[in-house]
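Notebook open. I want to look up the holes, the cores and the odd backbone spots in this one.

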Amino acid sequence: MLNLEKLFQKDDEIFVFYSFLSQAIIAFFALYTSTILSENTLLELFYFSYFVKSQYFYFVLCVFVLYLLSYLLIRNRKNYVKTFHYFIKRDIKFFSTIYFFLFVIFFFLNNQKISYIWFLNSFIFSLLNLFLLKALNNQIYKYLIINNVIQRNILIIANFATVKKFVESYKNKKKKSLIKCCIITDSNIENYFNELKIPNFKFNDNIYEILNYHHIGQIWLEIDNKRENSKLEELLKLPFDIKIFSGINNKENINYYIEKFNITSTSDKKNNYIFYSINNSRFTGAPLLVKFLIDKVFAILILLITSPIILISILLILAEDGFPIIFKQKRTGWDGRKFSIFKLRTLKKEKFDKSIQVQAGDKRLLFFGKFLRRLSIDELPQIYNVLRGDMSLVGPRPHMIEHSKKYSNIIKNFLTRHKCNPGITGWAQIHGYRGATPDDELMKKRLEYDIWYLKNWSIGLDLKIMFKTIYAILKYKVD
């Protein structure tokens, strides 16, 4: 599982890039096919050498490269537009301009020996393929929306009239709404489920459990007065993207919160409302896709390299204490969702409270368990968690469910550390904040490093943390 919905949490930038790349590729193959068929038959379609020797080879190559580069001119498109009118106005216009510009150049460079018929036929054939691809991409986009991949899974907190308006306006043809549940702020409400057709709650209900159960990705909070301080402050403690909004004619209330909470994000307008995004995760879009890919590639490489070490460790555990080999425990993941983490068992099979953290000199440790934990070999099965998508190679370490609940009541904003996949290693770990946290101050310091990582994350930072982790292990500095 790749948490695909997180790639589209803010916008459709990845799908826009995919659609443009697919257009460039289909245009290339359309021109390639036209080139082969101009002098050969379908039997020679897969003879690439014929294409290279053709007089149209450099022309097709230039069209493909320039069309790809034209993406830089429209890279500010964040949302996919399905209409063919927009497609013709932007994409077809770019392709046609590039095609005829290069036609003029190659016509004169080749002493006017290039066939007009080939240029016309190949152009028409390319357009036909581009239009068919556009129809296909529209269907793919529709499929992703229906299957809840390109949906933001919104909890809306507003009065009944506002909620009803948004629920009705955000339904698609399959009668699925972006608004998954709501909190009604009207003081005299009863249960509005029959009218809204979505679950509704009160703010004093267990909002964290509600958000997890409905797999919420965004919270929309309506600001209709200057008495929403406590609600917004409570929401800012949670690991979810938040949008505050107000009617366009009621800007003074939202401006009050912009100043109070030092909100610097840009605004956007929808349905006569003005929205401001706050508390947004950096883990979204193309950078997150790159992180996913790096996780999978490195996880497979690490698994191949360390498989002999894992096998030897399994034999040592079996020799000392028998089965089971793997220790499985529920941990807190992205958005606070629960998942099962896997480790090599380093504790004896005696019955004990598993929520008590292991510390130096712990009598529960196996003899070989001390060695496995010192070199972090017991963490290697978490590569499987990375491959499943529950974890990343780099991120805040996942805590036991009990500890997440405990510290969320002790440390302000503790739950904000769950704004990305937890990691096998992290920024806090390479700075020494790893293993047991016997007192609250150590947990606060770990949280500071985790939050710094969330605010400053980049692919380069992940690579830096991975290399520092390897260095620390080799130097026997990881406890």
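Before the volumes, a term: a cavity here is a set of grid points where a 1.4 Å probe fits but cannot get out, and its volume is the space filled by probe spheres set on those points. I also note up front that this is a predicted model.

**Entry 1, overview.** I looked up the basics. The chain has 479 residues, and 49% of them count as buried. I get 18 helices and 11 strands. Among contacts with a separation of 6 or more, 72% are between residues 24 or more positions apart.

**Entry 2, cavities.** Rolling a probe the size of a water molecule over the atoms shows where empty space is left. How many cavities of 30 Å³ or more does the structure hold? I find 4.

The largest cavity comes out at about 60 Å³. Its lining includes Lys6, Gln9, Phe283, Trp334, Asp335 and Lys419. By class, that lining divides into 4 nonpolar, 4 polar and 4 charged residues.

The second largest cavity has about 50 Å³. Around it I list Lys291, Ile294, Asp295, Leu393, Val394, Ile459, Asp462 and Met466. Helix α12 (285-321), strand β10 (392-394) and helix α18 (459-474) are the elements that each give two or more residues to this lining. Here the split is 5 nonpolar, no polar and 3 charged.

**Entry 3, cores.** Which residues have the most contacts inside the largest nonpolar core? I get Phe59, Val60, Phe95, Tyr99, Phe283 and Tyr453, in a core of 62 residues. Helix α2 (residues 13-39) supplies the largest share of this core, with 10 residues. Apart from it lies another core of 27 residues, including Leu155, Ile183, Tyr407 and Met443.

I then went back to Phe283, since it turned up in the core list and in the lining of the largest cavity. Leaving out residues up to four places away in sequence, Phe283 touches Lys6, Leu288, Lys291, Trp334, Lys419, Cys420, Tyr453, Leu454 and Trp457.

**Entry 4, the β8/β9 hairpin.** Strands β8 (residues 326-332) and β9 (residues 338-344) run antiparallel and are joined by 7 bridges. One pair I looked up is Lys328, whose bridge partner in β9 is Phe342. There are 5 residues between the strands of the hairpin.

Asp335 sits in that loop between β8 and β9. Its phi is near 60°, a positive value in a residue other than glycine. Is Asp335 buried or exposed? Its relative accessibility is 2%, so Asp335 counts as buried. Asp335 is also one of the residues lining the largest cavity.

**Entry 5, a cis bond.** The peptide bond from Phe323 to Pro324 is cis, with omega near 0°. I place Pro324 in the loop between α12 and β8. For context, most residues other than glycine have a negative phi, and most peptide bonds are trans.

**Entry 6, Phe414.** Where is Phe414? It lies in the loop between α15 (401-410) and β11 (423-425). Why does Phe414 count as buried? Because its relative accessibility is 1%, and the cut-off for buried is under 20%.

Neighbours within four places in sequence aside, Phe414 is in contact with His399, His403, Ser404, Tyr407, Ser408, Met443 and Leu447. Tyr407 and Met443 already appeared among the members of the 27-residue core. I also checked Phe414 against Asp450: the two are 36 residues apart along the chain, and their C-alpha atoms are separated by 9.8 Å.

Technical notes
Residues are numbered from 1 along each chain as its sequence is written. This is a predicted model: local features need pLDDT of at least 70, side-chain atom pairs count only at pLDDT 80 or more; totals for chains, interfaces and linings use all residues. Side-chain values use heavy atoms; hydrogens and water are left out. A nonpolar core is a set of buried Ala, Val, Leu, Ile, Met, Phe, Trp, Tyr and Cys residues joined through side-chain atoms within 4.5 Å. Buried means under 20% relative accessible area, exposed over 50%, partly exposed in between (1.4 Å probe, protein chains only). Contact means heavy atoms within 4.5 Å. On a 1 Å grid over the protein atoms alone, a cavity is a set of points where a 1.4 Å probe fits but cannot get out, and a pocket is an open set with protein on both sides within 12 Å along at least five of seven lines; lining residues have an atom within 4 Å of a point. Ala, Val, Leu, Ile, Met, Phe, Trp, Tyr, Cys and Pro count as nonpolar, Asp, Glu, Lys and Arg as charged, and the others, Gly among them, as polar. Two strands pair if DSSP finds at least two bridges between them.
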